[in-house]
Amino acid sequence: MSVWGKVGGAAAGLAIGGPVGALVGAVAGHFLIDREADPGVVFTIAIVALAGKMSRADGVPSDRDFDIFRTQFGVPPDEAANVRRVFSLARQDVAGFEHYAGQIARLFVGNPAVLEDILDGLFEIAKADGVLHPCEARFLEKVAEIFGFAPNEYRRIRASHFAPELTDPYVALGLSYGADEHEIKQTYRRLVRENHPDSLMARGVPPEFLKLATDKLAAINSAYEKIQQERGLT
């Protein structure tokens, strides 16, 4: 069964609790119930809920927002109505996105790699039209802050999604301009290791989201190649 078929499991709602859990609980009767608190389901609920909140960032939510989400993550037609229900409930909930982001940060405390995976998913949605709108940028920057990412880490994550060929490669890898060869190579290898599809799966990221890894790896490799050429590294 795909993660989309599990996304409204009642057990996941009970395990999550708080505003995100309440969101799931409100629609649990409409979904196939899964008695396991599957980490992949929790991860997916986090992205769906925050994506719904992000669609309100400009104050003008529309059905197109969900269509973008569905296309970006390949939600199958027979599961679209269920996922849309979660997305719409999050969008309509009076609780601010800060509450959602704070709860998700607590769920994955001590596991910043998963929180970065969630941010990557949100950036993929934001870049669907090729532009990071100011309202989306403010939303994502605030979510990153709540997740515990420093400003330079946020810039690194953002740079891996928006026009990496035009982005400062040092920003894309989170490096200072004075970084030596050892630091450059060490940082590059760490980022490749953390963003390899196998690493995401080990963190509980469902297979449906592994495109996040391949896209991000491409941006990381592109930035490293630029620095190699600039510095004459082998």
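**How the helices of this model fit together**

Let's start with one pair of helices: H8 and H10 cross in a right-handed way (the near helix is turned clockwise from the far one by less than a right angle; anticlockwise would be left-handed). Keep in mind that this is a predicted model, where local features need pLDDT of at least 70 and side-chain atom pairs count only at pLDDT 80 or more, while totals for chains, interfaces and linings use all residues. Residues are numbered from 1 along each chain as its sequence is written, and side-chain values use heavy atoms, with hydrogens and water left out.

H8 covers residues 112-126 and H10 covers residues 151-159; they pack at an angle of about 50°, and their axes lie 10 Å apart (axes are lines fitted to C-alpha atoms, for helices over the stretch in contact, with angles running from 0 to 180 degrees between N-to-C directions). That angle makes H8 oblique to H10 (under 35 degrees is roughly parallel, over 145 roughly antiparallel, 65 to 115 roughly perpendicular, and the rest oblique). On the H8 side, the contact is made by Glu116, Leu119, Asp120 and Phe123, and H10 brings Tyr154, Arg156, Ile157 and Arg158 (contact means heavy atoms within 4.5 Å). Sorted by class, the H8 contact with H10 has four nonpolar residues, four charged ones and no polar ones (Ala, Val, Leu, Ile, Met, Phe, Trp, Tyr, Cys and Pro count as nonpolar, Asp, Glu, Lys and Arg as charged, and the others, Gly among them, as polar).

Stay with H8 for a moment. Of its 15 residues, 13 are buried, so H8 is largely enclosed by the rest of the structure (buried is under 20% relative accessible area, exposed over 50%, partly exposed in between, using a 1.4 Å probe and protein chains only). The end C-alpha atoms of H8 are 21 Å apart, which agrees with the 21 Å that 15 residues should span at 1.5 Å a residue (the expected span is 1.5 Å times one less than the number of residues).

Next along the chain is H9, residues 134-147: its 14 residues reach 20 Å from first C-alpha to last, close to the expected 20 Å. Buried residues in H9 include Cys135, Phe139, Leu140, Val143 and Phe147. The buried residues of H9 pack against H4 (39-54), H7 (97-107), H8 and H10. Just after H9, Gly148 takes a positive phi of about 95°.

H4 gives us a good residue to click on, since Phe43 is found there. Phe43 is buried, with a relative accessible area of 1%. Beyond its neighbours within four places in sequence, Phe43 is in contact with Phe108, Val114, Asp117, Ile118, Val205, Pro206 and Phe209. Ile104 sits 61 residues from Phe43 in sequence, yet their C-alpha atoms are 8.9 Å apart.

Now for another pair. H5 (residues 63-73) and H6 (residues 80-92) have axes that come within 11 Å and cross at roughly 130°, and are therefore oblique to each other. Their crossing is right-handed. Asp63, Asp65, Phe66, Asp67, Phe69 and Arg70 of H5 meet Ala80, Val83, Arg84, Phe87 and Arg91 of H6. That contact has five nonpolar, six charged and no polar residues.

Finally, zoom out. The protein chain has 14 helices and zero strands (DSSP runs numbered from the N terminus: H or I of at least four residues for helices, E of at least two for strands). Buried residues make up 50% of its 234 residues. Among contacts between residues at least 6 apart in sequence, 73% join residues at least 24 apart.
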